[in-house]
Amino acid sequence: FQDDFLIPEKDLNQLDSWEMLKGEWAVHTAMEDAVEQKTTERLKDAPLQMERSSNFYSLKGSGKDGLIVAGYPFNDNYMVQAAMQVKKGECGLAFYVQDEENYHSFTVMFCGKNEAYALLKRHRSGGKPEILKAVSLSLLEGNWIMLKVEIMDEHISAFIDRIKVMELDESLPPGGQFGLY
């Protein structure tokens with residue numbers, strides 16, 4: 001499964017490959033960012049072009065513990081990766097998703113002033129997420145990073161920009177969907 005969110009504008013259901021479990025999710029463009037940054041005067045002379053941008057389309061999520069998934073409940077032993085823009089709050093990858101309350105996640109929590117944490121968590125219904133591992137990071141707000149998690153035979157390896165930042169042996173369900181958090 002791969003999705004770069006290059007979806008025809010007239011497509012009424014732009015996220016039909018995804019299942020929204022929690023939060024609000026929408027395809028977002030670099031043009032919308034430029035308008036928010038009030039650079040529209042320059043855009044009149046030189047509009048942004050999709051084919052010249054590495055991140056022209058992205059998926060923007062909001063809401064408490066937002067979760068959007070793809071794949072099948074029987075998927076196992078897989079790798080999930082996605083580019084994320086560092087912004088205040090927490091974002092990342094979800095894996096072995098059983099439902100909106102039972103899954104694992106590998107996230108980055110940006111606290112501001114370059115202070116951030118990589119977190120590997122287990123989410124279970126009826127309780128708070130359990131932090132299985134945590135690593136302190138120094139990140140710059142607005143930068144894009146590549147998060148990746150590999151799961152093979154109940155061994156989890158987590159990477160940021162191709163650098164392994166943590167690994168853990170964990171009892172996992174027989175399969176599950178993957179997604180974004």
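Let's start with one residue, Arg122. Arg122 is buried, because its relative accessible area is 13%, and the cut-off for buried is under 20%. Keep Arg122 in mind, since a salt bridge will bring us back to that side chain. One caution before we go on: this is a predicted model.

So what does Arg122 pair with? Its salt-bridge partner is Glu130. The closest N and O atoms of the two are 2.4 Å apart. Glu130 is partly exposed, as its relative accessible area is 39%.

Now the overall layout. The chain has two helices and 11 strands. Read from the N terminus, the order is β-α-α-β-β-β-β-β-β-β-β-β-β. The chain has 181 residues, and buried residues make up 39% of them.

Next, strand E3, which covers residues 79–85. Which side chains of E3 are buried? Val80, Ala82 and Met84 are, and they point to one face. Met79, Gln81, Ala83 and Gln85 point to the other face, and these are not buried. So the side chains alternate along the strand.

E3 has a partner strand. E3 and E8 pair in the antiparallel sense, over seven bridges. Take Val80 from the buried face of E3. Its bridge partner in E8 is Val149.

Follow the chain out of E8 and you reach Glu154. Glu154 sits in the loop between strand E8, residues 144–152, and strand E9, residues 155–160. At 38% relative accessibility, Glu154 is classed as partly exposed. Glu154 also belongs to a negative surface patch. The other members are Asp76, Asp153 and Asp169.

On to E9 and E10. These two strands pair in the antiparallel sense, over six bridges. Ser157 stands opposite Glu167 in E10. The two strands form a hairpin, with two residues between them. In that hairpin, Asp161 has a positive phi near 50°.

Then there is Arg162. Arg162 lies in the loop between E9 and strand E10, residues 163–169. Its phi is near 70°, again a positive value, and Arg162 is not a glycine. Why flag that? Because most residues other than glycine have a negative phi. Is Arg162 buried or exposed? Exposed, because its relative accessibility is 81%.

One more residue of this kind: Asn77. Asn77 has a positive phi of about 45°, and it is not a glycine either. Look for Asn77 in the loop between strand E2, residues 57–70, and E3. Asn77 is partly exposed, with a relative accessible area of 30%.

Now back to salt bridges. How many does the structure hold? Six. You have heard about Arg122 with Glu130. Here are two others.

Lys64 pairs with Asp65. The closest N and O atoms are 3.3 Å apart. Lys64 is exposed, because its relative accessibility is 71%. Asp65 is partly exposed, at 26%.

Lys164 pairs with Glu167, at 3.4 Å from N to O. Both count as partly exposed: Lys164 has a relative accessible area of 43%, and Glu167 has 36%. Glu167 is the residue we met opposite Ser157. There is also a network. Salt bridges with shared partners join Arg122, Glu130 and Glu170 into one.

Last stop, Met20. Met20 is in strand E1, residues 19–29. At 46% relative accessibility, Met20 counts as partly exposed. Where does Glu100 come in? Met20 and Glu100 are 80 residues apart along the chain, and their C-alpha atoms are separated by 9.2 Å.

To recap, three places to look at on the screen. First, the network of Arg122, Glu130 and Glu170. Second, strand E3, with Val80, Ala82 and Met84 on its buried face. Third, the hairpin of E9 and E10, where Asp161 takes a positive phi.

Definitions and conventions. Residues numbered from 1 in each chain as written. Heavy atoms only, no water. Patch = residues over 30% accessible without salt bridge, like charges linked within 9 Å, V, L, I, M, F, W, Y side chains within 5 Å. Areas by Shrake-Rupley, 256 points an atom, 1.4 Å probe, with all protein chains shown as cover. Salt bridge = Lys/Arg side-chain N within 4 Å of Asp/Glu carboxyl O. Lys, Arg positive; Asp, Glu negative; His and termini not counted. Charge placed at Lys NZ, Arg CZ, Asp CG, Glu CD. Helix = DSSP H or I, 4+ residues; strand = E, 2+ residues; numbered from the N terminus. Buried < 20%, exposed > 50% of the residue type's maximum accessible area, 1.4 Å probe, protein only. Pairing = 2+ DSSP bridges.
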